[in-house]
Amino acid sequence: MKEQMPSQQELICINVEKVYDWVVKDMSFEFTPTSPITFPGLPSDAVVGGAQVTCQVVPSAVNPVVIMNRENRTFTIDGTSVYLQQLMIQKNFTVTICITLANGTTYTSNGFEISRCEHVVMCAPKGTNVDVTYTDLDCFVCSTGPFYNNGNNTISFENLSLSIAVCQSIQSTFPVTVEFLADYCEPRADLPFACSPASRPNNCAVVFP
């Protein structure tokens, strides 16, 4: 049994992120590339007819989220005037196209950048940080139309339409120092350990003796 230690409480100061506001919302949009798309390593004689086309999307490696504007506005919520901020947030994504030929070989395109902006109203006064976390980020191919191998590592699509669905968690935060009364943690009891009994290899009674 773990020995009960006397309580040793102390006023503790720690640095934490205070959450000013937190919203979860979804966003979806369509995107239609119009230029030929480059697929490194695609043979010039590869037959692309009947190939399966899919897409992938990830946040951009550089500046995935940019706060374009932060406007102070007064809103009436349940009959009460509330001073909030209207944010214009730019989301930047990298999209790649995957094409799987009839023989099972898959080629992935060079990534291309796309951006979308949206307005979000929340408590995010000047000085707060706005963090966007994607809880879900998917890309779907709505249609391709006829597509052709141009023979120079590119494929031309006549009607490639992509649908991108985003589920996002948006928080406005600011670092603060807080004080609270806390107990010190105590280590748990060590797990009991006993040496294994001596053992010897099994004999082969079927053949000897």
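Here is a short friendly conversation about a predicted model.

Student: Which cysteines form the disulfide?

Tutor: Happy to start there! The structure holds 1 disulfide. Its sulfur atoms lie 2.0 Å apart, within the 2.5 Å cut-off for such a pair. The two residues are Cys55 and Cys139.

Student: How many residues apart in sequence are the parts that Cys55 and Cys139 tie together?

Tutor: Look at where each partner sits. Cys55 belongs to strand 3 (residues 52–59), while Cys139 belongs to strand 8 (residues 129–143). The pair therefore ties together parts separated in sequence by 84 residues.

Student: Is the link of Cys55 and Cys139 left-handed or right-handed?

Tutor: Both Cys55 and Cys139 are buried. The angle about their S-S bond is -105°. That makes the link left-handed.

Student: Is Cys117 buried, partly exposed or exposed?

Tutor: Buried needs under 20% relative accessible area, and exposed needs over 50%. Cys117 has 43% relative accessibility, so the residue counts as partly exposed.

Student: Which residues form a nonpolar patch on the surface with Phe180?

Tutor: Good one! Phe180 is found in strand 11 (residues 161–183), and its relative accessibility of 35% makes Phe180 partly exposed. Together the patch has about 200 Å² of accessible area. The partners of Phe180 are Ile14 and Val178.

Student: Which are the edge strands of the open sheet with order 2-10-9?

Tutor: This sheet has 3 strands with antiparallel pairing. Strand 2 is joined to strand 10 (residues 154–157) by 2 bridges, and Thr38 stands opposite Thr154 in strand 10. An edge strand pairs on one side only, which here gives strand 2 (37–38) and strand 9 (147–149).

How values were computed. Residues numbered from 1 in each chain as written. Predicted model: local features only at pLDDT ≥ 70, side-chain atom pairs only at ≥ 80, totals over all residues. Heavy atoms only, no water. Pairing = 2+ DSSP bridges. Helix = DSSP H or I, 4+ residues; strand = E, 2+ residues; numbered from the N terminus. Patch = residues over 30% accessible without salt bridge, like charges linked within 9 Å, V, L, I, M, F, W, Y side chains within 5 Å. Areas by Shrake-Rupley, 256 points an atom, 1.4 Å probe, with all protein chains shown as cover. Salt bridge = Lys/Arg side-chain N within 4 Å of Asp/Glu carboxyl O. Buried < 20%, exposed > 50% of the residue type's maximum accessible area, 1.4 Å probe, protein only.
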